[in-house]
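The following exercises are to be worked with the sequence and the coordinates at hand. Each task is followed by a solution in steps.

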Amino acid sequence: MPEPILVVDNVTKNFGGLTAVHEVSFQVRPKEIIGLIGPNGAGKTTLFNVISGYYAPSRGKVLFHGKDISGKTPYALAGRGIGRTFQVVKPFAGLSVLENVVIASFLRHPKRARAEEHAWKVLEFTELTDRAHQSAASLTLAGRKRLEIGKALALEPTFLLLDEVVAGLNPTEVDHTIELILKLRYQGITILIVEHIMRVIMRISDRLVVLNFGEKIAEGPPAEVATDPGVIEAYLGGGEA
Amino acid sequence: MRDRRLTRCVLAFAATLLVPAVVHDTFLLRVFTEAVMWIGLAVTFDVLAGYTGYLNFGHSAFFGIGAYTTAILMVRAGWHFAPAAALGGAAAGLGALIAGFPTLRLRGAYFAIATWALARAIQELVLMMDLTGGPDGMRLPAFLSPRFFYYVMLGVVGVTFFVYWFLLERAPFGLKLKAVREDEQGAKALGLNPTMLKIQAFILSAIPTGIIGGVFAYWVTFIDPASTLGDLVSDQALVMVVFGGMGTLIGPVIGAVLIFAFKTLFWAYLSDYEVLYLIILGAVIAGSVVFLPDGVLGVLPQRRKEVRNLA
């Protein structure tokens, strides 16, 4: 079995008296797609923020390629190859679509001309080429989500955290985005994805990690997790269902 | 396209070099010198306000630090003007570095208030110290050559403008600042260190402002806390930038020229109605925020097309 690319080791995150994530552990191996699911408020986004450096864990640690990265800043982690998207997509609204991606491209291509060249490739990949000169604020939700993925990709990450990139899209757009994600995996990028739409998460994930009230309640292949009594209870409520 | 604009700027700059050859009237040359100075103050203000999204109501502090450093070095230490003014710029830059770490964590109005308060504190400090002459101000050795000061001011502002053009419009730095302006948290995920970028922008804004302050001190030969550290420097720069067009290099230049021309004409012909000036200035700023969100630059035909394409 290959060395895991990411190890989440007993991570706890408290906000004052509130424990958002409690002693969660799991591993991600190279080129896997791991789905992180759970009801609202389960701690998925908090865990994302811990892994991507926005929060330092209160206890436990996160290892990336075997090195402890807990408490490192998001921009340092971007440099090490961790890209992420945001659940609430926030493009740089006052800038053009191209400029949005160019800014991300500076990480690997510090020269402006090279960064621009690279950004065009990313736009082609995410099918945003014809919108390149529009303001990012003018994109539809689907376009904004693609731009969000494009910006993360422009960092040339080896590990990508996708936070609800499908939510709110219509079925055609959903299929489109799934295709895009599978293409990324094919390119060798490891992916951790948070998603509410079960149809999507079941289809693309190799394994699922299920959180409820900040704790991991299940982990395994989608088919197995879907029949897990604990998971069903978490989603549908107690015995009366 | 962008380069054609630069060519126009270079041509405009070349034209300003000829001003003293045409304008022989001393008073008029003074007016031109001051106009160039305000262009410099507006452009430096906009690095932080427009590109980075921070309204610095302490801009006058950089101007005053530059002016006082230059004055102290020339009067008390017998330095020559050029190194004294250069050190004035460095002092302002150092001030930005020190003031930046605590204040640039704040956002929006809080940053404006904090920088305003810092500038007031510096003004009070200068008012109390013996070194600075307190409320009596400082008198510098007089060097009465309007032409010299016109060219020095033009040189400082011109170099600043072209350095800014390169850094903000050509190099990645400008886009990175805009990313921080638009969304600081999002920028972090893309490998940018917002704190570092903001400090750099603050220093980049402060250094030329300090040098301009130094030139101003030697030029007018007398400075006091009110004229160099008062609110008016920051307020007027803000009005010029907002009126001309924030987040661009040309906008503040246009704003500075128009506002300064208005101010000069007002003082020349309507000085009896002095009190009206600030009222009109206030109305202009309110009006342009509401009706000209992109400033005067936004209503020029060519620009308007660009803006509409974006929308």
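Two residues are in contact if their C-beta atoms, placed from the backbone, lie within 7 Å. Helices (H or I, at least four residues) and strands (E, at least two) are DSSP runs, numbered from the N terminus. The model is predicted: local features need pLDDT of at least 70, side-chain atom pairs count only at pLDDT 80 or more, and totals for chains, interfaces and linings use all residues. Residues are numbered from 1 along each chain as its sequence is written, while chains are lettered from A and ligands numbered from 1 in the order in which they are written.

**Exercise 1.** Determine which residues of α8(B) are buried and what covers them.

*Solution.* Step 1: apply the criterion. A residue is buried if 20 or more other C-beta atoms lie within 10 Å of its own, exposed if 12 or fewer, and partly exposed in between, with C-beta atoms placed from the backbone.
Step 2: list the residues. Phe173(B), Gly174(B), Leu175(B), Lys176(B), Leu177(B), Lys178(B), Ala179(B), Val180(B), Arg181(B) and Glu182(B) are the buried residues of α8(B).
Step 3: conclude. Helix α8 (residues 172-182) of chain B has 10 of its 11 residues buried, so it is largely enclosed by the rest of the structure.
Step 4: identify the cover. It includes α3 (97-105) of chain A, and from chain B the helices α3 (26-52), α7 (146-170), α9 (184-189) and α10 (194-220).

**Exercise 2.** Describe the surroundings of Leu98(A).

*Solution.* Step 1: Leu98(A) belongs to helix α3 of chain A.
Step 2: Leu98(A) has 20 other C-beta atoms within 10 Å and is therefore buried.
Step 3: with neighbours within four places in sequence left aside, Leu98(A) is in contact with Ala119(A), Leu123(A), Ala132(A) and His133(A).

**Exercise 3.** Establish the strand order of the six-stranded sheet of chain A and the pairing of β9(A) with β10(A).

*Solution.* Step 1: the sheet is open and mixed, in the order β6-β7-β8-β3-β9-β10 (chain A). Its edge strands, β6 (82-84) and β10 (215-220) of chain A, each pair on one side only.
Step 2: two strands pair if DSSP finds at least two bridges between them. Three bridges join β6(A) in parallel to strand β7 (residues 159-163) of chain A, where Leu161(A) is the bridge partner of Arg84(A).
Step 3: β3(A) and β9(A) run parallel and are joined by four bridges; Gly35(A) stands opposite Leu208(A).
Step 4: five bridges pair β9(A) with β10(A) in the antiparallel sense, and Val209(A) has Glu219(A) as its bridge partner. These two strands form a hairpin with two residues between them, and Phe213(A) in the turn has a positive phi of about 50 degrees.

**Exercise 4.** Classify the packing of α4(B) against α12(B).

*Solution.* Step 1: axes are lines fitted to C-alpha atoms, for helices over the stretch in contact, and angles run from 0 to 180 degrees between N-to-C directions. Helix α4 (residues 59-76) and helix α12 (residues 231-244) of chain B pack at about 125 degrees, with their axes 7 Å apart.
Step 2: angles under 35 degrees count as roughly parallel, over 145 as roughly antiparallel, 65 to 115 as roughly perpendicular and the rest as oblique. The helices α4(B) and α12(B) are therefore oblique to each other.
Step 3: the contact is made by His59(B), Ser60(B) and Phe63(B) of α4(B) with Asp231(B), Val233(B), Ser234(B) and Ala237(B) of α12(B).
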